[in-house]
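Please open the model in your viewer and keep the sequence panel visible beside it. The tour below proceeds from one selection to the next and describes what is found at each stop.

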Amino acid sequence: MPGLMLREFECSLCQAQFMMLAGDLLLPGPNVCDDCLTAVWPLDNEALTHHVRERLGAQGQGEAGVNSIVQHIQGHREQWAAAEEVIRFRR
């Protein structure tokens, strides 16, 4: 029986391990921890892209990785008014 449960993920920005509510079907994609999400939430799109590019540069990820994470965060911004709402929802 499929269900939601807390699962461990690695943050795509800082590589810290964090827990997030997720279903049995885990689709590949970026995951951003609570601390990183809170830090990048107030950044405008240009500053967000710069921050993500800077963080991923040390990991050797290209523009596709940068764009994926930026779009992931922007998607949260379109759906939620504040980072705290996203964090509450995924707990």
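**Stop 1: A network of charged side chains**

Select Asp34, Arg90 and Arg91, which are linked in a network of salt bridges. A salt bridge here is a side-chain nitrogen of Lys or Arg within 4 Å of a carboxyl oxygen of Asp or Glu. Side chains of opposite charge can pair when their charged atoms come close.

Before continuing, please note that this is a predicted model, in which local features need pLDDT of at least 70 and side-chain atom pairs count only at pLDDT 80 or more, while totals for chains, interfaces and linings use all residues. Residues are numbered from 1 along each chain as its sequence is written, and side-chain values use heavy atoms, with hydrogens and water left out.

Which residue meets aspartate 34 in a salt bridge of 2.8 Å, N to O? The partner is arginine 90. Aspartate 34 lies in helix H1 (residues 34–40) and arginine 90 in the segment after helix H4 (83–89), so this salt bridge ties together parts that are 56 residues apart in sequence. Helices (H or I, at least four residues) and strands (E, at least two) are DSSP runs, numbered from the N terminus. Both aspartate 34 and arginine 90 are buried; the term means under 20% relative accessible area, whereas exposed means over 50% and partly exposed lies in between (1.4 Å probe, protein chains only).

Now add the salt bridge between aspartate 34 and arginine 91, whose closest N and O atoms are 2.1 Å apart. This pair links distant parts of the chain, with aspartate 34 in helix H1 and arginine 91 in the segment after H4, 57 residues apart. Is arginine 91 buried or exposed? Arginine 91 has a relative accessible area of 52% and is therefore exposed, whereas the value for aspartate 34 is 13%, so aspartate 34 is buried.

**Stop 2: A salt bridge between two helices**

A search of the whole structure finds three salt bridges. Select arginine 53 and glutamate 63, which form one of them, with the closest N and O atoms 2.8 Å apart. Arginine 53 lies in helix H2 (residues 45–57) and glutamate 63 in helix H3, so the pair ties together parts that are 10 residues apart in sequence. Arginine 53 is partly exposed, because its relative accessible area is 38%; glutamate 63, at 41%, is partly exposed as well.

**Stop 3: The hairpin**

Display strand S1 (residues 5–10) together with S2, with which it pairs in the antiparallel sense over six bridges. Two strands pair if DSSP finds at least two bridges between them. What is the bridge partner of methionine 5 in S2? The partner is alanine 22.

Next, select methionine 20, which lies in strand S2. Methionine 20 is buried because its relative accessibility is 12%. Its C-alpha is 5.5 Å from that of arginine 7, although the two residues are 13 apart in sequence. Not counting residues up to four places away in sequence, methionine 20 touches Met5, Leu6, Arg7, Phe9, Asn31 and Arg90, where contact means heavy atoms within 4.5 Å.

Move to the loop between S1 and S2, where glutamine 15 has its place. Most residues other than glycine have a negative phi. Glutamine 15, however, has a positive phi near 65°. Its relative accessibility is 32%, so glutamine 15 counts as partly exposed.

**Stop 4: Aromatic pairs**

How many aromatic pairs does a search of the whole structure find? There are two. Rings of Phe, Tyr and Trp (its six-membered ring) pair if their centres lie within 6.5 Å; planes under 30 degrees apart count as stacked, over 60 as edge-to-face and the rest as tilted. Select phenylalanine 9 and phenylalanine 18, a tilted pair at 6.2 Å centre to centre with 35° between the planes. Phenylalanine 9 and phenylalanine 18 are both buried. Then select tryptophan 80 and phenylalanine 89: their ring centres are 5.0 Å apart and their planes are at 40°, so this pair is also tilted. Phenylalanine 89 counts as exposed, because its relative accessibility is 58%.

**Stop 5: Histidine 76**

Finish at histidine 76, which is found in helix H3 (residues 63–79). With a relative accessible area of 16%, histidine 76 is buried. Leaving aside neighbours within four places in sequence, histidine 76 is in contact with Leu37, Trp41 and Val86.
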